[in-house]
Amino acid sequence: EPPNIISDTVTAIFTTRAAESIADEINISENNIYLPIQKHTDRVHVLESGMEPVVADAILTKRRGVLIGVQVADCVPVLLLDMKNQVVGAVHAGWRGTSKQILRNTIDTMKKKFSSSADDIMVAIGPCIRGCCYEVAGDVRDAVEDATGEGAYCMEKDGKYYLDLSSANLRQAVSSGIPQANIWRSGECTCCNHEKFYSYRYAKGTTGRQGGFIGMW
């Protein structure tokens, strides 16, 4: 199960398709939930004031009382927390975002903008489509490999390529200096577990969304 952190100061949760409303689930006003307009970019938005959605695929904030999040249906939701400097982050990493190093960009922004140290950053990589189900074309494999370096997250089977985006993002986090001990990762595949999660690949198109959310109080 995901490490849903419900404490006096931090809430972090990965939802499933059963979560009709995150607002009801954790008793927060919908006006205090911030979701970006996701476009598979490498853009990291630092939320300092206001609640107007902007185009971005990662959000960072020091604001309290705001739950930030990303929505996914096979892509990788990643949550970040620096308790020392009181910063939270949420990242949406599909293959395009992964090839643009969106998670690395987010970690770099935490370091530059908030003086975060990699040793203080906790990372949780949520449920997403895994290598068992994620068949991709050669150009997709190449794009992710170019950004991440070669690794076991890329597999070839019967002349077909399969990517494990969770493992690719884990590698990008570690290469950014995040200690392995600071990283939690879900073992669940959204496509395999399509009754529990929404899966774009399984649905072969339009489907619902689950998400990753984090906030400080």
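Two strands count as paired when DSSP finds at least two bridges between them. Keep that in mind for V10, which stands opposite M216 in strand β14. What you're looking at is a predicted model, and this briefing walks through one strand, some salt bridges and one alanine.

**Strand β2 and its partner**

- Strand β2 covers residues 10–14, and five of the five are buried, so the rest of the structure largely encloses this strand.
- In general, side chains in a regular strand alternate between the two faces of the sheet.
- Here, V10, A12 and F14 sit on one side of β2, T11 and I13 sit on the other, and all of them are buried, so both faces are covered.
- The partner of β2 is β14, made of residues 210–216, and the two run antiparallel with five bridges between them.

**Salt bridges**

- How many salt bridges does the structure hold? There are four of them, and three are described here, starting with D164 and R130.
- D164 and R130 have their closest N and O atoms 2.9 Å apart.
- D164 lies in the loop between β12 (160–163) and α5 (165–175), while R130 lies in the loop between β9 (121–125) and β10 (135–136), so this pair ties together parts that are 34 residues apart in sequence.
- Both D164 and R130 are buried.
- R141 and D142 make another salt bridge, with 2.8 Å between their closest N and O atoms.
- Are R141 and D142 buried or partly exposed? R141 has a relative accessible area of 18%, so it falls under the 20% cut-off and is buried, whereas D142, at 31%, is partly exposed.
- E188 and K196 also join up through their side chains, at 3.0 Å from N to O.
- E188 is buried because its relative accessible area of 19% is under 20%, while K196 is partly exposed at 28%.

**A close look at A173**

- You'll find A173 in helix α5.
- A173 has a relative accessible area of 0%, so it counts as buried.
- Which residues touch A173, if you leave aside its neighbours within four places in sequence? The contacts are L103, I107, I178 and I183.
- One of those contacts, I183, is 10 residues from A173 along the chain, and the C-alpha atoms of the two are separated by 8.4 Å.

Key: Residues numbered from 1 in each chain as written. Predicted model: local features only at pLDDT ≥ 70, side-chain atom pairs only at ≥ 80, totals over all residues. Heavy atoms only, no water. Buried < 20%, exposed > 50% of the residue type's maximum accessible area, 1.4 Å probe, protein only. Helix = DSSP H or I, 4+ residues; strand = E, 2+ residues; numbered from the N terminus. Salt bridge = Lys/Arg side-chain N within 4 Å of Asp/Glu carboxyl O. Contact = heavy atoms within 4.5 Å.
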